[in-house]
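Me: Could you take a close look at one part of this model for me, the hairpin and the ring contacts around there? Keep it informal, cut-offs included.

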Amino acid sequence: MTLLNNESVFARKIALIIVNDSYTDDENNLDHCLKNAQNLEQLLIAMNFETEFHHNLQTQPDTMAAVKRFTKVINDGDFILVFISGYGCQVNGRNYLIPTKDSHIEDDKNIEVLATSINKVLKRITKKRETCMITLILDCCRPYHLKSNIPPYVNDKGLHEMEAPYNTLIQFACASNRTTTNNLYFKHLVKNITEPDVKLVDIFKNVREDVSEETYKTQKPFTTYEWNEDDEIYLIELIQSKINIPKYARWNTKARSMASNSNYHHGPGTTLYQLNCPRGLFLTPNRTLMIADTLNHRIMRYRNNGKEVNRIAGKNIPGDGYDMLYAPTNIIYRRKKKESSIIICDSQNRQVVKVTLGLNKIFKIIIDDITCSGIAIDNEGFIYVSDSEYHEVRRYRIGSRYSEIVAGGHGQGSRPNQLNHPTYIFIGLDRSVYVSDSWNNRVMKWKEGAKEGIIVAGGHGKGKHPTQLDCPAGIAVDKYGTVYVADHWNHRVMRWRKNASHGDLIAGDPFMSGDKAHQLNGPEGLVFDSDGTLYVADSYNHRIQQYKIHQN
């Protein structure tokens with residue numbers, strides 16, 4: 001299962017871009033600034049930002065008028081990004097942006113009078129809406145040539161360190177009280193800002209560290225912020241779609257039991273730390289693991305590497321009433337604006353339910369009369385559900401009863417346009433549907449709009465040979481097109497490289513099932529975290545096994 005490009009937690013994302021590069025004195029003209037800012041704007045638009053772009057603001061009133069216009073469109077809950085490029089200077093502990101009409105700027109006193117206070121710009125924006133999240137990027141730390149006949153001829157003091165108001169992050173292109181003439185900061189900014197599944201604070205920490213590393217620690221961007229680092233704030237969210245696995249990775253053969261009854265007994269149980277035939281898994285970017293605890297008829301949430309555990313849906317007994325589940329098989333997590341919810345395959349109740357999390361939990365049936373086994377969601381919010389009764393995968397839009405068949409749908413069978421008891425689903429970045437065609441002992445890929453699927457794993461009958469599978473279950477696909485599949489009755493996890501004729505074993509005993517650290521017994525769901533660590537629902541051992549990548 002996967003969640004792609006999840007809808008933003010913010011009401012909107014809006015950006016103000018100010019770039020000054022053409023000054024009265026040609027000596028101060030800047031190359032690349034305009035092109036950089038235009039490239040940034042295009043990136044932000046692709047990330048669903050609304051942008052306001054200003055080029056060569058000639059005077060202080062021009063700059064403040066642009067800021068004032070921008071603040072008028074800010075609403076509660078917006079995320080605000082402000083990018084300023086050009087010349088910035090400090091005078092008496094305050095930072096200023098030099099206007100392009102600068103023929104009268106001869107000294108610090110002229111800067112105080114004619115330039116724009118960056119502190120005032122930030123104050124104007126933060127005063128407008130205190131609930132907004134704000135990021136201020138100052139790529140304006142260049143030495144500025146003054147129009148003076150007496151020393152100093154250059155203001156090269158850089159920017160003075162600033163204090164971030166609440167819900168604000170500030171970053172300079174270099175350290176405070178320093179200047180730079182290179183373009184390295186912008187290079188690493190655009191590289192990191194488009195990284196999905198990275199918390200906002202971590203994006204700018206990564207920018208700082210990347211610039212520092214490339215300059216051998218001679219340039220380290222000043223960074224300050226005032227918000228909770230534990231807040232899950234992302235600019236781009238591709239939960240579980242970005243599987244960062246080295247092409248030739250190997251995993252440790254012995255797993256750590258992240259969720260199990262004990263180190264010595266792997267039977268089922270109903271207490272908080274016990275499981276009973278777990279199946280589907282979902283892992284969020286901060287490594288919160290959600291588990292469909294199928295025969296306990298509940299959904300469990302494991303945080304902090306399994307140290308914090310709680311039940312978020314179901315009541316430990318089968319039922320069809322409010323907040324009741326009956327053998328849930330799969331789960332996805334979804335966040336839209338400020339609402340967090342889980343969507344569950346409630347298999348024996350023949351329905352898909354949405355549970356809105358929080359103090360006022362809401363339990364709602366969104367699809368009914370369906371034998372659902374697997375579930376996924378794409379970057380446009382469409383829900384994909386495998387129907388093992390009708391041997392097809394359907395795509396739904398939340399809130400609508402309309403659906404369309406995207407895989408199978410031609411009856412039970414083994415032809416390229418058919419499926420036989422489809423279960424787990426994975427949605428690729430191109431919206432291809434990967435589906436475990438369980439009773440055909442194969443994994444199929446259906447490109448968007450395709451009338452037939454292609455085999456990407458198995459397809460050579462039931463068996464233990466590397467070319468075969470026996471009732472494939474959980475699947476994942478990495479950026480190389482490699483398919484990872486839980487081979488249920490062979491008690492193993494197999495890796496099938498793109499266009500390969502056979503798979504190779506990455507987890508489980510090649511000869512037998514069991515409950516030892518290197519063995520599996522009926523593996524079901526599987527997921528990877530951003531480090532490539534593999535999590536497997538070891539169903540008949542009633543535990544979750546964690547396999548880390550082997551370090552040579």
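Reply: Let's start with the hairpin: strand 23 (residues 392-397) and strand 24 (residues 403-408) run antiparallel, joined by 5 bridges. Strands here are DSSP runs of E with at least two residues, helices are H or I runs of at least four, and both are numbered from the N terminus; two strands pair if DSSP finds at least two bridges between them. This is a predicted model, where local features need pLDDT of at least 70 and side-chain atom pairs count only at pLDDT 80 or more, while totals for chains, interfaces and linings use all residues. Residues are numbered from 1 along each chain as its sequence is written, and side-chain values use heavy atoms, with hydrogens and water left out.

Back to the hairpin: Tyr-396 has Ser-403 in strand 24 as its bridge partner. The turn puts 5 residues between the two strands, and Gly-399 there has a positive phi of about 95°.

Now the charges over a ring. Arg-397 has its charged end over the ring of Phe-382, 4.2 Å from the centre. Arg-395 also lies over the face of Phe-382, at 5.5 Å from the ring centre. The test is NZ of Lys or CZ of Arg within 6 Å of the ring centre and within 35 degrees of the ring normal.

As for ring-on-ring contacts, the whole structure has 11 aromatic pairs. Rings of Phe, Tyr and Trp (its six-membered ring) pair if their centres lie within 6.5 Å, with planes under 30 degrees apart called stacked, over 60 edge-to-face and the rest tilted. Ring pairs also tie Tyr-23, Tyr-87 and Tyr-144 into a cluster.
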